[in-house]
Amino acid sequence: MDKMANDKKDKMISKKDKKIICLGIESTAHTLGVGIVDSLGNVLANVKDSYTTKKGGMIPVKAAEHHIEACDCVLAQALKSAGIGVRDIDVIAFSQGPGLGHTLRIGATIARTLSNALDRPLIGVNHCIAHLEIGSMLFPVKDPVLLYASGANTQVIAFDGGKYRIFGETLDIGVGNFIDCLARELGLGFPGGPGLYQLSLDAKEYIKLPYAVKGMDVSFGGLLTNLKQKISSRRYADADIAFSAQETVFSMLMEVSERALAHCGKDELLLGGGVSCNKRLQEMAKVMCKERGSRCYVPPNEFLVDNAAMIAWLGLKMHMASGATPISGSGIRPYERTDEVDIYWKID
Ligand code: ATP
Ligand code: FE2
C-alpha cells in the first residue's frame, strides 16, 4: 500500500460513524457489471450488461469492445438505481483477476479513472474469493466451504491456515462449459444450463456414465466425449441423457465438496457460480449437508452468476481492514490463483 493510497483511505474512514459506500466493477469475462453496496450490507445497485453471440463462443476482443460501449450506460444505471451521485461513492473496487486479459483491462481502466477523478481509494479484488465472501453479506455464514461451479471455473475453496485454498478443482473444462457443450449437442440454446434442467425433468431412466473423481479433483472431458457418442448413436432419449449427465456431474461435485467439509472440519457449504442456479444441484447439496449435520447456503441467482455487487462487497471489506491498491499495483492478474492472495482482512 503506498502513501497516496493510505492518505485517500484515511480521509474516508476518519468519520467513524459514516456509512461507507463502495462501487465495484466486474469484467472478468462476458459480463460488465457495476454494483454498489454499503457497509451495512445493503445492495444499492447490481447492474450488468453481458456480451452475447448468436452462434459460437466468445471472442475476447469483441467482449472487451462490448464493455467499452456498455460502460457509460451500466455506470449511469447503477447510480440511478442506487439513488446517489458519483461523489457519494467512498471506495472503488474492481475484479483484478483471474479472467480474460482483454476484458479485465477494461474494468481496471474504468476503476483507475474513477479513483483518480474522484480521489477515492482503489481496491483490486480476486473474483473467485468474491464469490465466497458475498456469502457473509447474505447469510449468517462464518467459515464456509465454497462450491464454485461456473462456466469457466469449478473449484472447492475454503479458508485454512491463513489463506483461501483450492481443495479440489476441474482437471480440464469447467462444469458449466461441459453443460453448455452438451446442451448444444442436444440442440438447446445458450446458456445451456436452464434448458438442460428442463429437459431432465422428462427423464424415464438413468443411463450409466463414466464418473471421474481423481482424489479431490474432477474431470468432465471424457464424459463429454462419451455423451456425444451416445447422442449420435440415437439409442437414448434426450431427456435421459440430460438427466443422467446432471446426476453424474453433480454427484462428482457433491463428493469433493463433502470430502472438503470433512477434511477441513467445517459445517457450512456455500454455493456460487452460474451452475449453482440449477435446482437439482441445490437439492443434492441440501440433502448432502443435512445428512452430515451441516448447513447449506444458496444465494439468489443474481449473486450466483458473475455480478459486481460481490466485487463491491469484498472491496468494502478489504478497505475497512486498511486495504488499498496503489496505481502501481493495480495491473490486471489474469492467472491469479486463489491461494496467492494475501487475506489480510480475515482472522484465522
Ligand atoms: P466465471 O467467470 O466465474 O467462470 P462464467 O462467466 O463462466 O463465470 P457464470 O454466469 O457464473 O459464468 O455461469 C455460467 C454457467 O451457468 C453456464 O453453464 C450456464 O448454462 C449456467 N447457468 C446460468 N444460469 C442458469 C440457470 N438459471 N440454471 C441452470 N444453469 C444456469
Ligand atoms: Fe464467476
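A polar contact is taken here as a pair of N or O atoms within 3.5 Å, with the added condition, within protein, that one atom must be able to donate a hydrogen and the other to accept it, and that residues adjacent in sequence count only if both atoms are side-chain atoms. The model is predicted, so that local features need pLDDT of at least 70 and side-chain atom pairs count only at pLDDT 80 or more, whereas totals for chains, interfaces and linings use all residues. Side-chain values use heavy atoms, with hydrogens and water left out.

An oxygen atom of ligand 1 lies 3.2 Å from a polar backbone atom of Val 275, and polar side-chain atoms of Ser 150 and Asp 180 are placed 2.5 Å and 2.8 Å, respectively, from an oxygen atom of ligand 1. Taken alone, ligand 1 exposes 640 Å², of which the protein buries 85% (Shrake-Rupley method, 1.4 Å probe).

The iron ion (ligand 2) has as its protein donors His 127 (NE2), His 131 (NE2), Tyr 148 (OH) and Asp 306 (OD), at 2.1 to 2.5 Å, donors being N, O and S atoms within 2.8 Å of the metal (3.2 Å for Na, K and Ca). Because Tyr 148 belongs to strand β6 (residues 145-149) and Asp 306 to the loop between α10 (301-304) and α11 (309-320), the pair ties together parts that are 158 residues apart in sequence; helices (H or I, at least four residues) and strands (E, at least two) are DSSP runs, numbered from the N terminus. Tyr 148 is buried, at 1% relative accessibility, as is Asp 306, at 16%, where buried means under 20% relative accessible area, exposed over 50% and partly exposed in between (1.4 Å probe, protein chains only).

Definitions and conventions: Residues numbered from 1 in each chain as written. Chains lettered and ligands numbered in written order.
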